[in-house]
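Please explain how this structure is put together, beginning with its strands and then turning to its cysteines, its loops and its pockets.

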Amino acid sequence: MVEATWGSNPRFSDGASYRFVRSEGKTFPSHRCLMPASECHMTVKDRRYRVRLDDGNFFYLAGVWEPAMADYPLAFRIITVAANLEVSRYQDRHGAIILRRQVMHWLDKGVPEVDLLETPPARTFVIEEITSGPRQPALML
């Protein structure tokens, strides 16, 4: 595991740092990485939600990394897919989920991206509103 900054180097995108990259029509032949997670958070208007796998297992978000360059550190972006049934009630996309059994398929490139970067089936996630407590930094789905 290494520490990296979430978002692309703004020097190469007119000053904007992008945190996500769409999966559709793209291949990721190198610089693949994974972000471990037990849940993700979504914010919709003034409400916050926790998103977990229905079976309670932890998972990974598929990503790509960029090397450190000049004054910008090692960085990563999360790859997104079209939202599944549960998440689509709140937003159009979410991070591409890589299950524990798929880790080496993603990292060693033994399985084509199209077979891994799929919208999960219905009933994959449990979504619950976060109603109290201090706001914590979290990865957005």
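A residue is called buried when its relative accessible area is under 20%, and exposed when that area is over 50%. The model discussed here is a predicted one. With this cut-off, strand β6, which spans residues 59-66, has six buried residues out of eight, so the strand is largely enclosed by the rest of the structure.

Which strands are joined to β6? One of them is β3, residues 32-37, which runs antiparallel to β6 and is connected to it by six bridges. Within this pairing, P36 stands opposite Y60 of β6. Strand β7, residues 75-82, is likewise antiparallel to β6, and four bridges link the two. Here E66 has A75 of β7 as its bridge partner. Strand β9, residues 97-98, is also antiparallel to β6, with two bridges between them. The partner of Y60 in β9 is I98. Y60 therefore appears in two of these descriptions, opposite P36 in β3 and bridged to I98 in β9. As a general point, side chains in a regular strand alternate between the two faces of the sheet.

The cysteines may be considered next. A disulfide is a covalent bond between the sulfur atoms of two cysteines. The structure holds zero disulfides. C33 takes part in none, and the nearest cysteine sulfur to it, that of C40, is 14 Å away. Because a disulfide requires the two sulfur atoms to lie within 2.5 Å, this separation of 14 Å does not qualify. C40 is accordingly in no disulfide either, its nearest cysteine sulfur being that of C33. Are these cysteines buried or exposed? C33 has a relative accessible area of 13% and is buried, and C40, at 1% relative accessibility, also counts as buried.

Two loop residues deserve attention for their backbone angles. Most residues other than glycine have a negative phi. H31, however, has a positive phi near 60° and is not a glycine. H31 is located in the loop between β2 (20-22) and β3, and with a relative accessible area of 35% it is partly exposed. R123 is another non-glycine residue with a positive phi, of about 65°. R123 lies in the loop that connects α2 (113-116) and β10 (125-130). Its relative accessible area of 67% makes R123 exposed.

The pockets complete the description. The largest pocket has a volume of about 390 Å³. Among its 14 lining residues, those closest to the centre are V2, C33, L34, M35 and P36. Strands β3 and β6 each contribute at least two residues to this lining, and β3 provides the largest share, with four. By class, the lining comprises 13 nonpolar residues, one charged residue and no polar ones. The paired strands β3 and β6 are thus both represented in the lining of the largest pocket.

What is the volume of the second largest pocket? It is about 210 Å³. Its lining includes L53, I97, L99, R101, Q102, D115 and T124. The residues of this lining divide into six nonpolar, three polar and three charged.

Technical notes: Residues are numbered from 1 along each chain as its sequence is written. This is a predicted model: local features need pLDDT of at least 70, side-chain atom pairs count only at pLDDT 80 or more; totals for chains, interfaces and linings use all residues. Side-chain values use heavy atoms; hydrogens and water are left out. Buried means under 20% relative accessible area, exposed over 50%, partly exposed in between (1.4 Å probe, protein chains only). Two strands pair if DSSP finds at least two bridges between them. On a 1 Å grid over the protein atoms alone, a cavity is a set of points where a 1.4 Å probe fits but cannot get out, and a pocket is an open set with protein on both sides within 12 Å along at least five of seven lines; lining residues have an atom within 4 Å of a point. Grid points are joined across faces, edges and corners, and a volume is the space filled by probe spheres set on the points. Ala, Val, Leu, Ile, Met, Phe, Trp, Tyr, Cys and Pro count as nonpolar, Asp, Glu, Lys and Arg as charged, and the others, Gly among them, as polar.
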